[in-house]
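Work through these exercises with the sequence and the model side by side. Try each task before you read its solution.

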Amino acid sequence: MDYEALFTSALDDLKTEGRYRIFAELERKRGSFPRARCHNHEGVEEVTVWCSNDYLGMGQKDIVIDAMHQTLDKCGAGAGGTRNISGTTHQHILLERELADLHNKEAALLFTSGYVSNWAALGTLGERLPNCVILSDAGNHASMIEGIRHSRAERQVFKHSDPEDLNRRLADLDPARPKLVAFESVYSMDGDIAPIAEILDVCEAHGAMSYIDEVHAVGLYGPRGGGVAEREGLMDRITVIEGTLGKAFGVMGGYIAGSAAMCDFVRSFASGFIFSTALPPAIAAGATASIKHLKVSQLERARHQERVATVRRKLNALGIPMMDNPSHIIPVMVCDPHKCKMISDWLLDNHGIYVQPINYPTVPKGTERLRITPSPVHSDGDIDKLVNALSEIWSHCALARVPVAA
């Protein structure tokens with residue numbers, strides 16, 4: 001077999017479909033976010049980033065960076081191994097305590113990423129609970145889908161954010177059978193928010209465990225940044241809360257929080273935990289500092305919400321089509337993969353605006369979009385430059401606009 005020809009053919013297909021991804025080579029500038037240096041064949045130019053998941057700009061905060069420097073100087077670079085052998089450090093324990101407190105749970109368990117925490121936790125729970133069936137929301141992230149697949153447990157997919165369909169499916173199952181309902185709070189591409197209370201009502205009525213992914217909500221919602229479930233007073237009703245340290249907290253890593261027995265169960269059986277080298281202590285220290293700050297500071301969240309509202313209002317005034325949702329995520333709908341990439345390239349080349357195109361398989365074909373994520377540190381000037389550039393390219397491409405509300 002000509003393996004190289006196979007690889008090249010598959011890549012050519014992606015390019016023909018407009019789905020081939022080219023990464024911009026960015027160099028973040030501490031203290032200047034959302035500014036970054038973009039390296040390309042012509043040299044280096046400054047760009048403004050509009051698609052970062054560092055939602056609050058915590059990745060450049062002095063309190064976070066100082067904590068990392070201090071720990072790096074004190075402890076060195078790496079953790080030294082897996083947590084089971086030589087890699088459990090004092091900083092990991094402090095971070096897990098901080099996370100458990102954030103979600104008002106008995107315990108938390110740290111992983112190397114949000115993807116790994118979903119894959120390992122769902123995979124372990126589904127595999128180790130005898131005859132378990134996992135009911136998964138149709139909009140769930142790839143990491144959740146992979147974890148469920150890895151578990152080899154029976155899986156049922158219920159309609160997206162539909163408690164009635166979930167209820168029908170649970171009612172058809174043996175009441176004594178272990179059941180786990182997996183869903184998200186904020187869905188990252190459409191920006192919609194799940195009806196958490198209604199889903200929990202159904203779970204409790206049928207004796208099912210609940211597993212919520214709050215990766216796009218922690219730090220951003222709730223009085224202490226515990227997520228949408230904290231904002232709605234529902235954390236105590238959820239069996240497993242999963243989150244990330246790599247988005248609003250500005251560092252990296254993933255985690256689950258819940259009962260001490262559940263966390264210990266996953267710690268003891270999850271291969272994704274047992275065989276993974278632990279996060280560097282400096283990373284854990286930076287995440288701890290970020291969480292502690294956002295537990296008490298409302299400034300970042302308030303400014304973030306105001307910036308999101310401002311971008312929405314100005315885009316709406318120009319008839320730029322957006323997917324309506326109640327979250328901080330602004331999907332600008334292009335609905336064509338070639339035009340989506342072309343607009344992204346044009347914005348970067350002509351205005352120094354960096355926003356990546358979102359194409360299939362991340363979103364369904366025909367719903368291609370620019371996913372805009374305002375931050376507290378985007379200025380009025382940044383916003384005006386973005387919306388005016390989008391309006392210009394919309395006219396240039398003769399793309400449809402939506403009626404402007406009176």
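The exercises below cover charged pairs first, then nonpolar cores.

This is a predicted model, where local features need pLDDT of at least 70, side-chain atom pairs count only at pLDDT 80 or more, and totals for chains, interfaces and linings use all residues. Residues are numbered from 1 along each chain as its sequence is written, and side-chain values use heavy atoms, with hydrogens and water left out.

**Exercise 1.** Find out which parts of the chain the salt bridge between Lys295 and Glu98 links.

Solution.
- Start with the term: a salt bridge is a side-chain nitrogen of Lys or Arg within 4 Å of a carboxyl oxygen of Asp or Glu.
- Check the distance. The closest N and O atoms of Lys295 and Glu98 are 2.6 Å apart.
- Locate the partners. Lys295 sits in helix H12 (residues 281-296) and Glu98 in helix H4 (residues 90-102). Helices (H or I, at least four residues) and strands (E, at least two) are DSSP runs, numbered from the N terminus.
- The two residues are 197 residues apart, so distant parts of the chain are linked.
- Both Lys295 and Glu98 are buried. Buried means under 20% relative accessible area, exposed over 50%, and partly exposed in between (1.4 Å probe, protein chains only).

**Exercise 2.** Is Glu154 buried or partly exposed? Do the same for its partner Arg177.

Solution.
- The pair forms a salt bridge, with closest N and O atoms 2.7 Å apart.
- Glu154 belongs to strand E6 (residues 154-158), while Arg177 is in the loop between helix H7 (163-171) and strand E7 (179-184).
- Glu154 has 34% relative accessibility, so Glu154 is partly exposed.
- Arg177 has a relative accessible area of 16%, so Arg177 is buried.

**Exercise 3.** Work out how Arg307 and Asp380 are joined.

Solution.
- Their side chains meet in a salt bridge of 2.8 Å, N to O.
- Arg307 lies in helix H13 (residues 299-317) and Asp380 in helix H15 (residues 380-396), so parts 73 residues apart in sequence are tied together.
- Arg307 is buried at 3% relative accessibility. Asp380 is partly exposed at 45%.

**Exercise 4.** Which residues touch the most other members of the largest nonpolar core?

Solution.
- A nonpolar core is a set of buried Ala, Val, Leu, Ile, Met, Phe, Trp, Tyr and Cys residues joined through side-chain atoms within 4.5 Å.
- The largest has 52 residues, and Val181, Phe183 and Leu245 touch the most other members.
- Another core, of 32 residues, lies apart from it and includes Val47 and Val387.
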